[in-house]
Structures are given as structure tokens and as C-alpha cells.
Amino acid sequence: MKPEQPATPMTPESTGLGRLPRVGQWCLLAVLSLIFATLLELVGIPAGLLMGPMVAGALVGMNGGTIRLPRQFFFCVQVILAMMIAGSMRPDLFATFSSNWLLFLAVILSVIGVSTLCGWTITRMRILPGTTAIWGSSAGAASTMLLMADAYGADTRLVAFMQYLRVVFVAGAATMVAHLWVSGTAAETATRWFAPVAGLPFLATLAVGIVGGFLGKVLRVPAGAFLVPFAIGSALNVSGMLTIELPQWLLALSFALLGWNIGLSFTRSIIAHARRAFVPTLISILVLMAFSGALALLLIRVAGIDPLTAYLATSPGGLDSIAVIAASSNVDLPFVMALQTARLLIITLIGPVLARFVADRV
């Protein structure tokens, strides 16, 4: 009699938590996320609903977890966050930018220049092959850089490791700065989760967001599921044609899903694959964060921006996690998102040319 075969074949990562059924892994992830998020919220950490699930996801992923956030859920997260930020946009933001556009452009190009220099240095030292280090160091949205890296033949696993490691460090630093710099910045999402919501504006908000998200996908706009709904929603909100309404429980759920998407990216195989690049990557992240902090001081001195707003606006990604932290803190959210979005658009436009130019000269 033949021995009974397992129902599902064991994969290279089916060790540790990977041996649990997927339902068990999701339940464990949910429990850990609830514990970490509650602790962070109780001590007043901004974006605890993001950071808690992010830490939980990283623990599950690095201990053999095989679950991943489905793309459909991440699409919904991007759409909801885009509409949340669009609801905070205001007309006087454009006046602020028009009067300081040269300074803001210099800040954006400086961050791109330093991140490219870090990537070039790692490549020059032969730590990583080809354009991998350049794409991994690019200060844009991680998902966008992964798509571009794959199109240009880079090692996407290493690029993912570098991008998401920077996201974790930047998000962690931004969260702590927000907590220490301004008193009373704890997220309000836990206090009014089930407040009444205006039905028609809520449905209109979802409709605009979903249509915009699909439009971004169809047009193949980089980070289109976020940027297109954000652009359309901002225009309608500023013009008074749309009142953006989103319940707090939906925002809290979106924050948690975003944290899972980032945390679960840290798997055993990726960490083992990127072991040699860890120290150089960490050094480049710290250099870029320090440089961004210096640029924040420049915005404070020259443009009169408040310190926390300036720090979040110049933080080198990711766009969505910075948006959550900014929305959970007492800052000028439209200003933060305008500068972050402008940098993403510019790196998307010049990134391929810049990466190829630098790689050809290594």
C-alpha cells in the first residue's frame, strides 16, 4: 500500500509558520496585528494602525509564512488612500507651490540625485549586479520601481528588498518623529470608527475612486491605482463638485492592509538572497534619510514650513505609508502629498533614462 501523499506539496518556504494552513496563518497575523496596533495606539504613536500590522506581517513573513495580500485588496487600499488624501486638498496649496516652485524642484531633484548616487556606489563596488542597486535605491513608490526594474532586467527580488527595507526604516523614523515632535498626535481613527456616514457622498467617493483606479490601470500609468484617483478626486474636491466621505473603520482597515502588504514582503528567501547587500543597503538608507532631514531644515528656514510637515514631505518614500503617517498627525497633509507626489512623477519620468545612463558608466 502506497503511503498517503500530502494534500499540498511543500514549497521551499513551507517551514516554520508555512506549515500552518493559510487560514491559521491569517488568523495569527490578525491577532499579532491587533496586539501591536493596540499597544502603539495606547502610547500615542501616529499611524499605529499601519505600523502594528507592518511589524506583524514582517514577523510572519520572516518566520516562514506563505500568505500574501491579494492584488485586488491592495488595489482597493490604494484607491481608498488616494481619495482620503484628495479630500484634504485645498486651493491655496497651488499658490504656495507657485511662489516657491524653484526651491521645491531643487529639493526633489536633490533627493533623486543622492538616491541615484547611493545606487551607483553600490553597483560600482560590485555588491549588486547591473541596474539592480540603482532601481533599489530610487526614491519613488516601491511598486513602481519594481515594475520598472523588471522591465529593465534587474533582479526584482533584490530591488524589492532594498525598496521595502527603506519603506520600513523611513516609516518607522517618521512615526517616531511625529510622536516625539508634536504632542497629542495620536491617530483619531480608533475614536470614531463607527460614526454616521453620509450615504450618497460615500458612494460617490467610492465610485470616483474605483473608476479612477481602473483608468490608471488601463492607461498603464505608473502607480496609476493611486495617482489617477488622487488627481481626479483632488480636482473634484477643490472645485466643490464632490464631497469626499470615508468612514473611519474603512480607513483603519486600509491602513492595516497596507501594513500587511509591506511586512509580508520580507520572506526568508528574499532575506537570504539579499544577505550580502544588507549592510550597504542600510548605510545608503541612513545617508538618504539624513540628507532628506537636511532638506527639511532648508524648507523650514526658507519657506517657513512647520518642522514635522517639512520632514514628512522630504522623507524618501513610500508615498502611501507617508500618507498614512501624515494623515494621523497634526501636519499640513496637502503640502506633504503634493511634494511626495511631485517627486514620484519626476522619478517615474526620468528614472528609466537615469538608471540606464548610470549603469552604462559603471
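Biologist: Is Trp 101 buried or exposed, and what is its relative accessible area?
Modeller: In this predicted model, a residue counts as exposed when its relative accessible area is over 50%. Trp 101 passes that cut-off, so it is exposed, and its relative accessible area is 53%.

Biologist: Which helix holds Trp 101, and which element gives the most to the nonpolar patch?
Modeller: Trp 101 belongs to a nonpolar patch on the surface, together with Leu 102, Leu 105, Leu 109, Leu 349 and Ile 350, and the accessible area of these residues together is about 610 Å². Two elements give two or more residues to this patch, namely helix H5 (101–124) and helix H16 (333–359). With four residues, the element that gives the most is H5, and the helix in which Trp 101 lies is likewise H5.

Biologist: How many disulfides does a search of the whole structure find?
Modeller: Two of the cysteines can be described by their accessibility: Cys 27 counts as partly exposed at 46%, and Cys 76 is also partly exposed, with a relative accessible area of 40%. A disulfide would need a pair of cysteine sulfur atoms within 2.5 Å. When the whole structure is searched, the number of disulfides found is zero.

Biologist: How many of the 16 residues of H3 are buried?
Modeller: Helix H3 covers residues 71–86, and the distance from its first C-alpha to its last is 22 Å, which is close to the 22 Å expected at 1.5 Å a residue. Its buried residues include Phe 74, Phe 75, Val 77 and Gln 78, and also Met 83, Met 84, Ile 85 and Ala 86. H3 is mostly covered, and of its 16 residues the number buried is twelve.

Biologist: Why is helix H15 described as largely enclosed by the rest of the structure, and how many of its residues are buried?
Modeller: Helix H15 is made of residues 319–327, nine in number, and a residue is called buried when its relative accessible area is under 20%. Among the buried residues of H15 are Leu 319, Asp 320, Ser 321 and Ile 322. The helix is described as largely enclosed because, of its nine residues, the number buried is eight.

Biologist: Which residue forms an aromatic pair with Trp 26?
Modeller: The structure holds six aromatic pairs. The pair that contains Trp 26 is tilted, with 5.7 Å centre to centre and 50° between the planes, and its partner is Trp 260. This pair links distant parts of the chain, 234 residues apart, since Trp 26 lies in helix H1 (residues 22–42) and its partner lies in helix H11 (residues 248–263). At 24% relative accessibility Trp 26 is partly exposed, whereas at 13% the residue that counts as buried is its partner, Trp 260.

Biologist: How many residues apart in sequence are the parts that the pair of Phe 161 and Phe 278 ties together?
Modeller: Phe 161 and Phe 278 form a tilted aromatic pair, 6.4 Å centre to centre with 55° between the planes. Phe 161 lies in helix H8 (residues 156–181) and Phe 278 in helix H13 (residues 278–303), so the separation in sequence of the parts tied together is 117 residues.

Biologist: Which residue joins Phe 161 and Phe 278 in a cluster linked by ring pairs?
Modeller: Phe 161 is buried, with a relative accessible area of 5%, while Phe 278 counts as partly exposed at 36%. Ring pairs link these two residues into a cluster that also contains Phe 266.

Biologist: What distance separates the C-alpha atoms of Met 289 and Val 170?
Modeller: Met 289 is found in helix H13, and at 14% relative accessibility it counts as buried. Leu 282 is found in H13 as well, but it is partly exposed at 21%, and its C-alpha atom is 8.0 Å from that of Arg 166, although these residues are 116 apart along the chain. For Met 289 and Val 170, which are 119 residues apart along the chain, the C-alpha separation is 7.2 Å.

Biologist: What distance separates the C-alpha atoms of Ala 256 and Gly 57?
Modeller: Ala 256 lies in helix H11 and counts as buried, at 15% relative accessibility. Although Ala 256 and Gly 57 are 199 residues apart along the chain, their C-alpha atoms are separated by 9.9 Å.

Note on methods
Residues numbered from 1 in each chain as written. Predicted model: local features only at pLDDT ≥ 70, side-chain atom pairs only at ≥ 80, totals over all residues. Heavy atoms only, no water. Patch = residues over 30% accessible without salt bridge, like charges linked within 9 Å, V, L, I, M, F, W, Y side chains within 5 Å. Areas by Shrake-Rupley, 256 points an atom, 1.4 Å probe, with all protein chains shown as cover. Salt bridge = Lys/Arg side-chain N within 4 Å of Asp/Glu carboxyl O. Buried < 20%, exposed > 50% of the residue type's maximum accessible area, 1.4 Å probe, protein only. Expected span 1.5 Å × (residues − 1). Phe/Tyr/Trp six-rings, centres within 6.5 Å; stacked < 30°, edge-to-face > 60°.
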